[in-house]
Structures are given as structure tokens and as C-alpha cells.
Amino acid sequence: MRQVQHYIDGGGVTFGGESMEVLNPATGEPVATVPFADSELVDRAVSSANTAFQTWRHVEPAKRAGILRNYHRLLNEHSDELCAIITEEHGKTLADSAGELQRGIENVEYAMGISEHLKGEHSRLAGPDIDSWSELAPLGVCAGITPFNFPAMVPMWMFPLAIACGNTFVLKPSEKVPTAAVRLAELFTQAGLPDGVLNVVQGGQATVERILQHQDVKAVSFVGSTPVARAIYQQASEHDKRVQALGGAKNHAVILPDADLESAANAIMGAAYGSCGQRCMALSVVVSVGEGTADTLRDILGEKVAALEIGPGNDNLDMGPVNGGAQRERIVDLIESGVSQGANLVVDGRQHPAYQQPGYFLGGSLFDEVTPHMSIYQEEIFGPVLCLMRADSAAQALEIVNANPYGNGSCVFTRDGYSARQFASQVEAGMVGINVPLPVPVANHSFGGWKGSRFGDLAAYGPDGVRFYTQRKTITERWQSASDGDNMNFAFPSGSN
Ligand code: NAD
């Protein structure tokens, strides 16, 4: 069985303390053990990052970009190996792993433009003989804490850009999918990254708590569930750190009566059931406007959900297993609660033959006539379960979406540009799709929800990422001729005196 390591100062570190088994969700069998970093090991990683920062901060952005270019090439060369690791520990299909990795690599591409991103601003003649300019300076050691559902992409939302900005980094990946992060770090070293610039510590809550308390960690990026995101935001702020904490979601699609329902249903299927619904942008609620729309959509979706092909991620069918036994039990409990609270279970995922196989397989479930008081509506299920709701008008559908405490993504399906425009401007969500079911922004925009889906001012990656991983320094400079002396001036200086 594989022994996963920490990665500190450019090399693997085996640590003999507490450890956990990593399971292959397609078999339920252990494939690796992952060690948990204690405070001493976290301190060692932060110390290595802090030492590396003293040099890395002064490396020219163009040289940093050169290392990122090498890294980009290595990531592409090793993509099959990385996808196999993701699928083995997470369970998602190989095609889905390839999609996640590609989205991660796009963040490396964005970071390769770091000279442009850090260019700054200049004002000539801000005052008499005075020029003024702003620079974006790195922060120091930054930390990232990431969830199980994107073992490669979410870490790559963080460390390539943080490092490109001149920071050094300590990553704490999810203990359920620990291997990809180490491989990503090894490849970065191979690309020429100096030792200590990127470190990986494995572990759980105690490891995270030490990171949050450490005085040399200047910024924390978190992605995970909302209760943990809220707690991390509060704790990291109390320890004077800059923090961005992205949380959970309940993403709604609104289907207007003029939409092409067959095409909308196909889009909904991938967004709701891809990766077993274990995506923070997964569609989990569909609100149809009008009874006719709702009935037709339910019938089309019902057939498609019952026909879902499910098997190990390596077989590249529609869905693999969910990530763990406890997660599957929780999803099954929620399905039972939906039935007992009066929703209409159109397709029951427990009836799928895959549910009886070894591993954590579960068929897709479809509920109709879901109402806001039900647990299946209120909780983020994070599984292959889609809730259908009904509204009399587009305005009522929008009210339902906006009353939800989450605000990650939302989308509308329609053929009418005006209705789409109204929806986009009125919906309270950070990422909006118009006939696009998973509106995950590309790398030169930024990713972030509203309301309970994000704590902290700035979204992840892209332009917000550059702002998050830098601090502004504004320099005001005067050069005057040797004969011009300084006069005393007790009035507050302005551009005109
Ligand atoms: P999680 O919150 O359980 O764990 C996330 C990370 O926090 C892991 O590294 C874990 O080890 C650590 N952690 C867990 N409990 C902790 C605690 N009490 N104190 C400190 N650290 C703790 O999330 P998960 O189950 O790994 O991932 C699924 C969740 O992540 C879903 O809610 C999903 O919506 C969310 N997610 C959000 C986004 C986004 O961009 N908004 C992206 C991906 C996933």
C-alpha cells in the first residue's frame, strides 16, 4: 500500500505520527495511508516557506514565469498519471478528472502572465516635481486548505498564482485525496521551483488549526463546506490574516416556458449528476415556470436519470461512485427524508443495480414537487440527487432562488434575450449561466459565490487572486533641481501645493 508523504523543502517527508487509510471509492479498499502533520511539522513547513520567501520575493517575475512555463509542460506530459491518481482516490470518471486537471492547468497559464498582472500604476506629476506609482508586493507565506472534490484543480486555483506573485505556499489538501497534491509539488520542483517555495502538509482539523495560528502565515485561502469556511474565516481573521473562504452551495436552474426542454435536460443531466453531484457548482435544484414545463421536464429527466450508466471511474461511464461510505449513508438518509416529508421520488437511486456492488456506488435520484421547508431543499446534499420545484412565473422562480441562503452559481434556460438579461441582473449569485448549466468562470476571470457560499472580500484566482495574494505599496517620489531647497510647509500636502 502506498505511503503518502508530506512535501517540505523540496522533498518528501515521512512522519510516524497519526495516520489514516485512503480508500478507493470504487472498491471500498484502502490504497494508501496518509500521515497527519502535528504542530511541529506544520512549523517546519512554514519555516521552510518563510526562508524561501526571503529569496523568492526578489526573483524577477519573468523568471518566475519561465518556471511556470516548464511546469505547464510537465503537467501536460504527466496528465494521464495525475488523472489516474485523482480517479483512484476520488472516484470520478477519468474524463472528469481530465476536465478538472485542464481547468487547473489553465490557472498555471494565467499565472504565466504574471509580469503583466503585477505591472502596477504610475502617475506623473502627482505634485510639483513629484511622481507616484503603485506596486503589488507579495505577502509572505500563504496557506491553502482544500476539499476532497477537486484534488488537483482547487489547489491549482491557489498556489500557482500565489507563487507567481512572489509568495511562498503551504498547502493542506483533503485527507481523503492526498496524493495528487504531492505529485503536483514534485513536478513543480522538477520544473525548477526552488526548495521551500511550495510545501504540502497532510492532515485534518488539528493541522489546519496550527496553520491558522502560525504568526508567519500571512494569508489563508480555504475551499470547503460552509460551516468550516465560516469558522476558518473567523479564526484566521482573529489571527490577523488575510482570508478568503469559499463554502458550499445549492445551485438553482430556472427553466422558462420558451426553453428548448430536450437540450436543457441534457445540460441539466451533466451538471446535476456529473461527478455524482459532488461539485460546488453542481445543479441541485431546477425550478420550472409553469405546470406544463415542469411536467414535460420531469418526464424527460426521469427517463435520462433512470438510464444513467454507473461504474468505476476508470470505465468512463456517466458516473463513478460517491467518495465515501459515510457520505453515501448521509445521501441515502436525505433521500428517505425527502420521501417522508412529502416530495415525489420519481427515480430512486437505491434501485440502481450499482448500489448493490462493492464500493460506494449509488444511482441518480430525482425528486419532484420539492418545497422549501424540506431537508432535501435546505441541505447541500452533495450527491446524485436533483430536486425539481415549480413556480407560476419567472418572478416567483427568481424569488425562490434569491431566498436561498447560498449564492454560488445559478442559471436560466430560455430563448428570450430580455428574460435572460433580467435574470442575470436580478439573481443573487456570484456566477450566472445563460443556457450554460455550470458557469464556472475561466481562469482570467475569478471564481466566487455570494451570501453563504463565500466569506471574505475577494474571489479565487484570476484578477481577484492577484489582488488577494499581493498588497499594494504606493511610492511618492520627488527629484528637484539642486538649487530648489525645501521650504517648511505645515499645511497638509496636496497635488497643487
Ligand atoms: P470540508 O469542509 O469537510 O473540508 C475541507 C477542508 O477543510 C479539508 O482539507 C478538511 O481536512 C478541512 N477541515 C474539515 N473540517 C475541518 C474543521 N472542523 N476545521 C478545520 N479544517 C477542517 O469539505 P469537503 O467535504 O472536503 O468538500 C466538500 C465541500 O466543499 C462542499 O460543501 C462543497 O460545496 C465545497 N466546495 C466549495 C467550492 C467553492 O468554490 N465554493 C469548491 C469545491 C468544494
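Student: What kinds of residues make up the shell around the ligand, by class?

Tutor: The shell has 13 nonpolar, 9 polar and 3 charged residues. Here Ala, Val, Leu, Ile, Met, Phe, Trp, Tyr, Cys and Pro are nonpolar, Asp, Glu, Lys and Arg are charged, and the rest, Gly included, are polar. Heads up: this is a predicted model, where local features need pLDDT of at least 70 and side-chain atom pairs pLDDT 80 or more, while totals for chains, interfaces and linings use all residues. Numbering runs from 1 along each chain as its sequence is written, and side-chain values use heavy atoms, without hydrogens or water.

Student: OK, how many residues surround the ligand, and which are the closest?

Tutor: There are 25 around the ligand (a heavy atom within 4 Å). Thr146, Glu175, Ser225, Gly247 and Glu380 are the closest. Helix H8 (205-213) and strand S11 (217-223) each put at least two residues into that shell. Helices (H or I, at least four residues) and strands (E, at least two) are DSSP runs counted from the N terminus.

Student: Which atom of the ligand is 2.7 Å from Gly247?

Tutor: A nitrogen, and its partner is a polar backbone atom of Gly247. That's a polar contact, meaning N or O atoms within 3.5 Å. With Ser225, a ligand oxygen is 2.6 Å from an N or O atom of the side chain. Lys172 also takes part: a side-chain N or O atom there is 2.8 Å from an oxygen of the ligand.

Student: And how much of the ligand does the protein bury?

Tutor: 87% of the 840 Å² that the ligand exposes when taken alone, by the Shrake-Rupley method with a 1.4 Å probe.

Student: Where does the ligand sit?

Tutor: In the largest pocket, as more than half of its atoms lie within 2 Å of the pocket's grid points. On a 1 Å grid over the protein atoms alone, a pocket is an open set of points with protein on both sides within 12 Å along at least five of seven lines, while a cavity is a set where a 1.4 Å probe fits but can't get out; lining residues have an atom within 4 Å of a point.

Student: What's the volume of the largest pocket?

Tutor: About 880 Å³, counted as the space filled by probe spheres on joined grid points. It has 38 lining residues, with Pro147, Phe222, Gly224, Ser225 and Val228 closest to its centre. H8, S11, helix H9 (226-238) and helix H12 (325-340) each give two or more residues to that lining, and H9 gives the most, with 6. By class the lining has 19 nonpolar, 13 polar and 6 charged residues.

Student: Switching topic, how many cavities are there?

Tutor: The search finds 7 of 30 Å³ or more. The largest is about 100 Å³, and Glu380 is one of the residues nearest its centre. Its lining has 8 nonpolar, 4 polar and 3 charged residues.

Student: What about the volume of the second largest cavity?

Tutor: About 50 Å³. Its lining residues include Lys250, His252 and Lys451, and strands S18 (406-407) and S19 (409-413) each supply at least two.

Terms used: Polar contact = N/O pair within 3.5 Å; in protein donor to acceptor, adjacent residues only side chain to side chain.
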